[in-house]
Each structure stands twice: as C-alpha cells, then as structure tokens.
Amino acid sequence: MTGEGTGVIPSRKGRGEEADFLIKERRLQLAGKVALVTGAAQGIGKAVALVLARNGADVIISDINLEKAGETVKEIEAIGRKAMAIRVDVANLRDVEQMVQTVMERFGHIDILINNAGITRDRLILRMTEEDWDAVININLKGTFNCTKAVVRHMSKQRNGKIVNIASVVGEMGNAGQANYSASKAGVIGFTKTIAREFAQRGINVNVIAPGYIETPMTEALPEKAKEELKRMIPMERLGQPEDVAEAVLFLVSETSSYITGQILNVNGGIYM
Ligand code: NAP
C-alpha cells in the first residue's frame, strides 16, 4: 500500500514527493489563523501553543507570568510564526478586555481561543478556606467566562471560531481534596455546553477537553509514591504528556472536527470512561 488515496502516510523510507506535499499541507492547516492561549507560559498551554504554531497559526501567549510567556514567544518565532506575550490575570475582566483589544488592534481577528489557565488549592473541605475556594473558582471558571465573553463577540461577527476549554477528569468524577477545583471544572463543562448552544448557528464550535493526570509543573509536586499509585489506576499505566492534550486540541480546532460542538473529549489514559 502506497498511502495514495488512503490517508495513510507511507514510511519515511518509501516517502515520495506526494507524501511530503501531504504532510506539508497538514502541517499548515491553521495558516492564517490567530490563536489566543491562556496560561501558555508553561505546561499544557505551552504545548498547545507550540502545536498550533507548528500547524501554521500565529499565537498569543497570555499568562500571569510575562517572563516565561516571553520564552514561549521566542520558541514560536523560531518556528516561523508570529507570537505575542501578554500579561493577564484571567480572573480580571478588565485585564481580559484590554488583552483582547490589543490583539484585535495588532492581528485584526481571533479565530481560536483556548481557555487553559488554571490553578489548584487542594485541601479537604473542612480545612478549605473561603480564599482557597474563591481563588480557584475565579481563575478556572470565571476566567473561562471572562475570556470567552471578550472573544466570542468578535468570532460571532466573523461567523467563525473555535473555542476549546480545558476542564479536568475530576470535574467528571470528583476527587477528595479538590472540592473547589472539581466544582470549577464541572462548571467549565456546563458552561461549554451552553456557549456551544448559543453560538452553534454562528459557525463557532465550543468543546471541552478533560485531561487526566498530565506531567506538568502543576503535578510536579505530587510525591513519587502518589504518582506510582496513580499509574496503577490508569489502564494505560502512565501519566499523560502535555503533547497528548495539545494534539487533541489541534483536532478540535481543525476543520476535520467542524460538526463537533458541545462535547467533552477525555484525554486520560482510560482512568475515566
Ligand atoms: P501549570 O503548569 O500550572 O500552567 C498553568 C499556567 O497558567 C501557568 O503558567 C500559570 O502561571 C498560569 N496562570 C495561573 N493563574 C493565572 C491567571 N490568573 N491568569 C493567567 N494565567 C494564569 O498547569 P497545567 O498542568 O499546564 O494545567 C493547564 C490547565 O490544564 C489547567 O486549567 C489545569 O486545571 C488543567 N488540567 C491539568 C491537569 C494536569 O494533570 N496537569 C489535569 C487536568 C486538567 P503561574 O505558574 O505563574 O501561576
């Protein structure tokens, strides 16, 4: 089988000019698109930003940590795409509106929004403070509302757009010690389905990815023993990588998924089905 007409790319050894062309085409599927990724200075957001850029998009790296965001920008520029770092606290609607205005002035349109910025403040409910609760809800849930509200109005005028919200497996199954976090992520799932309904006729796809346990700075603090226990619970017996989530995001922002909206895509090695 040569791969011709089958959608299968032949092995490197037998790869012909046509296959090279096909690969190039696929890589540039987001050419001309502008993507805004929140929390993109590190971890999952950074992997998403890089995958989108490798596929042709220009990317805005929005994060509370401007210095690290600048490092991601350099990596994207090295790929040959345009990038811009913006310091923003997604919990602050004014900050977010200012960011979107800046992006619109500089790039003229926003085609892809990835609501990825998120934090944890884990404690059992009896020890969880009001501050722990508010911080997580404000960044994870209200932050998703703020960015969506500011961007979707422009997408609506364009009659075109892709929004992917990053929730979590614990928003679906719960997790002791994460009442605030699981509530925020379950909220993101409900929010996604509602926005998907509100904008389905405007050519805007709104979906949610629920990652399982992914190796990022967020999960670095987990003790080795806890990681080993987790691996035993995961059918695939490994934690996920940021790129596992990034590739799922790529699918949801590409035209191949244009009839998919309001859905949860689980990227979790099988820990929750
Ligand atoms: P991460 O490594 O901690 O990265 C999150 C980024 O968001 C950091 O650069 C962080 O900056 C930034 N950020 C924090 N608060 C912000 C704010 N108010 N405004 C703008 N940016 C802010 O986390 P991650 O593991 O990549 O997680 C990314 C997303 O995936 C989160 O929504 C998380 O809940 C979700 N998720 C992660 C996992 C996992 O296992 N890692 C599993 C399921 C879901 P600072 O570092 O300076 O705070």
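This is a short tour of a predicted model, from the ligand out to a helix, a single buried residue and a strand.

**Stop 1: the ligand**

Start by selecting the ligand and the 28 residues around it. Of these, Gly 39, Gly 43, Gly 118, Thr 216 and Met 218 come nearest, so label those if you want a quick sketch of the site. Now colour the shell by residue type: you should get 15 nonpolar, 11 polar and 2 charged residues. Then switch on the cartoon and pick out helix H2 (43–54) and helix H8 (217–220), each of which supplies at least two residues of that shell.

**Stop 2: helix H3**

Next, select residues 66–79, which make up helix H3. From its first C-alpha to its last, this 14-residue helix reaches 20 Å, close to the 20 Å expected at 1.5 Å a residue. Show side chains for Ala 69, Thr 72, Val 73 and Ile 76, the buried residues of H3. Turn the view until you look down the axis: these buried residues fall within an arc of 105°, so they line one face of the helix. The spacing makes sense, because an α-helix has 3.6 residues a turn and residues three or four places apart point the same way.

What sits over that buried face? Bring up H2, strand E2 (58–63) and strand E3 (83–87), which are among the elements covering the buried residues of H3. Flip to the face turned away from the buried side, and you'll find the exposed residues Glu 67, Lys 74 and Ala 78. Before leaving, click on Gly 80, just after H3, where phi is positive at about 105°.

**Stop 3: Val 151**

Jump to helix H5 (residues 130–158) and centre on Val 151. Is Val 151 buried or exposed? It counts as buried, because it has 24 C-beta neighbours inside 10 Å, where 20 or more is the cut-off. Leaving aside neighbours within four places in sequence, select its contacts: Leu 36, Val 100, Ile 110 and Leu 113. Add Asp 111 too; Asp 111 and Val 151 are 40 residues apart in sequence but 9.0 Å apart in space, C-alpha to C-alpha.

**Stop 4: strand E5**

Finish with residues 161–166, strand E5. Here 6 of the 6 residues are buried, so the strand is largely enclosed by the rest of the structure. Gly 161, Ile 163 and Asn 165 point one way, while Lys 162, Val 164 and Ile 166 point the other. Now add strand E4 (residues 112–115), which pairs with E5 in the parallel sense over 4 bridges. To see one of these pairings, select Ile 112 together with Lys 162, its bridge partner in E5.

Note on methods. Residues are numbered from 1 along each chain as its sequence is written. This is a predicted model: local features need pLDDT of at least 70, side-chain atom pairs count only at pLDDT 80 or more; totals for chains, interfaces and linings use all residues. A residue is near a molecule or strand if its C-beta atom, placed from the backbone, lies within 6 Å of it. Ala, Val, Leu, Ile, Met, Phe, Trp, Tyr, Cys and Pro count as nonpolar, Asp, Glu, Lys and Arg as charged, and the others, Gly among them, as polar. The expected span of a helix is 1.5 Å times one less than its number of residues. A residue is buried if 20 or more other C-beta atoms lie within 10 Å of its own, exposed if 12 or fewer, and partly exposed in between; C-beta atoms are placed from the backbone. The arc is that of the directions from the helix axis to the C-beta atoms. Two residues are in contact if their C-beta atoms, placed from the backbone, lie within 7 Å. Two strands pair if DSSP finds at least two bridges between them.
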